[in-house]
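Please open the model in your viewer and keep the selection panel at hand. The stops below are meant to be followed in order.

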Amino acid sequence: MKLGHSLRTAIHLPVVIPALLLLLVGFLALSGIDMRVGYRWLGDWHMRQLTGIALGMAAAVVVVLVPYKALVRNAYLVYGAALLLLLLVLFAGTVRKESRRWLSLFGVDFQPSEVMKLALVLTLARFIRFRDSYKTFRGLGAPFLLTLIPMALILKQPDLGTALLCIPLLFTMLFAAGARLRHLLLIMVMGACAIYPVYRWGLRDYQRSRIDGFMAQLPFAASDKKTKDITGHGYQVRQSKIAVGSGGFSGVGLGEGQAAALHWVPERHNDFIFAVVANEMGLLGSAFVILLFAWLLLAILALAIRHRDPAGRLICMGVFALFGFQAFINIAMTIGLMPITGMTLPFLSYGRSSVIVSMMAVALVCNVAARPSYEFGRGDFD
Amino acid sequence: MKPIPYRQRVGLLALLCGCSLFLLVCRLTALQVFDHEEWLELADRLRSGWRPVRPMRGEIVDGKGRVLAHDAAGFELAVLAMPWRDGRFECEKCGTEHLHVPRRCRRCRESGKKFVKRADERDMRPIAKLLDIRVRELEALVKKRVVAVERHVEELLGNLTGVKRERQRRELWFDHGRRPQRIRRDVSYEVAREVALQRRRNPAFVIRTSHGRVYPGGAVFTHILGRLVEAESIVVERGDGTARKLPVEVGRSGVEYHFESELRGAPGWVEMKRDLRKRTRTVLDERRAEPGRRIRLTIETEVQERAAAALGDVEGAFVVVHAETGAVLALVTAPRYEPHDYVGTLQKWIARGEEMGTQAPVGSPIPERAFRNYQIPGSIMKPFTALAALDSGDGSFSEVIQCEREFRYHGIRAIGKLRCNMLHNELNMHGALRISCNIYFQTLVARMLDKGRFPAFVRMGRRFGFGQRTGIEIASRNPDTKFGRWDFDAARQPGTLIASAIGQGWVVTSPAQIARAYAGLATGSLPRLHLIARLGDTATAPERVALRISRDRLERVRAALRDVPRPGGSAYDYAGELARYQMACKTGTAQRGTRKNNAWMAGFAPARAGRPPIAFAMAVLRSDLGGGATCGPRLVEFFRYYYSGGKQ
């Protein structure tokens, strides 16, 4: 009875409804990835995704039931465990497509880097909530260190997309917490200066060629590069854009994408799931997805404003950054606005780790919403 | 700078979020609404494409329409220059690859010592055993392919240097090294199955289905039909400015080479909708490939096979032609090789033989000895010497010449080849032809030499086609090719010229030329030999050139030759049975300077038992015996079958 009551009060509808709708859209979009033509209801992909959703539900219930303050209190422990898992991946991880990102646990593969995203949100919230040190330039060192350690381990896998996601997450949380804008801007300028050396010497060949492919399809690129691009890594962006563009206003219809342009879109069940949505549901469907994300993000921000507890606010901001940047980067790369980084679209992309972590993040926000606090933050958190 | 209040900061983030999402919607609108048509066209283009269609190469059939060469699907054995990836461990149970030895296989969940490192060497032994060749031959063949891939990669690398070169080389090698390189075509289903079963243990060797040329006629037709080799790709254009490459095989020798343009046909193309796996879903448009033209040979398979069986495994040739039309009825050469055996040493041997022609090593299966291999003919030239003497007035049928076994020219005793084997005493021309007396014909030519009428001999030889193209379509396309030797000049020693009168000395000729000359002798006009009875819908018209020799003169020579297989004739002991078929023939034994002889026998026979009038020539090189003893029994065996209507 008490458990049921807790769960009922924990469901924060402004966040849960868009999340569930996004899950539904993703589930429908999976029909467009089957190699066989025609709509296949409850195919293999659907069943595996359903497993992920069920596991995600279970994990979300656990997250909701534990008070978020207890989670924040033990954030360093969670962080340490996540770091340990990241280390373990480097030695005992499963290799797929030349990346060592997965750990196998009781026959189920999962990505520790996904877990680390949530752990980082909790850890940064724990670290920042009652401090003022990050308002000085030197004081930014500690949160940066907390972020850079898992980033380095994730880059080692390599998983550039997830690693890069840690940066906007940190910046958003620091900015929300009241870090000086000039300090953050200075660091961004320093980062911008490092772009070329990193591109030249810090990236792997395939990562560099993805950037080359992106540059080649820009309007000002030389024509010979555009031609060359078709067979190179720019191939992915081009095929994705063809799928999106050919969808038109109302799309080709659910399950009809295979006969249209989706056959040629690589990783269409995963990183390019938005291309499937845009192709089969058209501008209406893709705008609807963006609207759902906007709803979700604004609901989280509204909660962040309304909530009085610094840790709760920071958790909301962290989850906002996670969903916001992940969705933006994924959709932007699908429609050719950004280079390909290998990042999933929350709730829509196929993948149990991604779905479970996304649902846990929503549960975390619900957890914050369900436990209003009357504590007042100091300084900028007033 | 005044710190921004919390609500404003969050408001700023909300604004940033809204702007970003608005940007996405704008971009989507541009893609899906404004540029929709363009992307839709690109999507359509993705789904549709065209590919060239290989034309069926024309069939080659024998005189009765039996197929001797046709295109068919089959299997071919290929080797991968780089069949494995370094350092991969493979699950013994399911074959899944792992970078390191895992605790459990990620697919079948097997644990324990079940992981084996992939073979890092090609296992030649089982493959060589399957192909029935030596391991060293297979190794050489594989090495050749691997080296070819390496060279190709080096060519592609060009002038790249340093790290870039290494990186590019690795990528190119990974790409090209895994493309199958054919080492044998038309392997049997059984071999293909075995190789496929060994694939996991021996990943370097793969079986591919192929669109190959099949030669059901076997070895007896190889030198006639020739063989195909892989050539550069041809470019197929569709007419809209697009073009595709189509790898084709072209003839390397024989009919396949000389009638390449007729046999190849014209490639077509097909435009289709296809899926990601390049499988055709719908055909949108097509231009059918035009198959090559059908070629019908004059040869009949059964006759050819029996002729080959009669000749046996000796080194030589046997030609049978239609005496009136010049159609080649049998064209046999030995040794022979199977058309599908292009492996290792044999391949090199054949290629070398093709290049070297008459200079090919002893016993080598050069493509043919019937019309390209010129040899000293021996006494089968004597009828033509007789006709030349009659033509110049230096001889007559009634003139009797004393054979003293030795020949003297202006008091000088000739030695060696110019002697007779036995004392013939007094002989007229009929008798000299019947028992093949050297002294008689040498005396006639010596007389012609003394009176300056030797050119009459040369002219007579030319009339009968010596030193000239026989007409066989696959002999040579090179205009500079010499067809034997019949270019006498004043610088030749008299001994050489006199020897030429009995087919020794300077003269060399091919069995096909001899058969053609005897066809002329039989009919009074010289036919153009031809192998091709029909090219597509066009039948080959027979061509004949009148010899302008009196009928009586020819008939008297024929009568003398008809007595050769009869009692008292030079071929009676070995080929007496030929007389039953009213056959006129002549034996010849040309000494090669060693103890081995070129054994010849040539002749003609009238139409009989449903068979057309024929002329024939058989040559057995490096024989221990004379022409009659070597060729006689072989010819008896063949003609016994030939005139029995195929019953024997």
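A patch here is made of residues with over 30% relative accessible area and no salt bridge, where like charges are joined within 9 Å and nonpolar side chains (Val, Leu, Ile, Met, Phe, Trp, Tyr) within 5 Å; a salt bridge is a side-chain nitrogen of Lys or Arg within 4 Å of a carboxyl oxygen of Asp or Glu. The model is predicted, local features need pLDDT of at least 70, side-chain atom pairs count only at pLDDT 80 or more, and totals for chains, interfaces and linings use all residues. Residues are numbered from 1 along each chain as its sequence is written, chains are lettered from A and ligands numbered from 1 in the order in which they are written, and side-chain values use heavy atoms, with hydrogens and water left out.

Select first Ile11(A), Leu13(A), Ile17(A) and Trp295(A), which form a nonpolar surface patch with about 360 Å² of accessible area together (Shrake-Rupley method, 1.4 Å probe, with only the protein chains shown counting as cover for residues). Ile17(A) lies in helix H2 (residues 13-29) of chain A (helices, H or I, of at least four residues and strands, E, of at least two are DSSP runs, numbered from the N terminus).

Next, select the three strands of chain A that form an open antiparallel sheet in the order E1-E2-E3, where strands pair if DSSP finds at least two bridges between them. Strands E1 (94-96) and E3 (108-110) of chain A stand at the edges with a single partner strand each, so one side of each has no neighbour in the sheet. Strand E2 (residues 99-105) of chain A pairs with E3(A) over three bridges, and Leu103(A) has Phe110(A) in E3(A) as its bridge partner.
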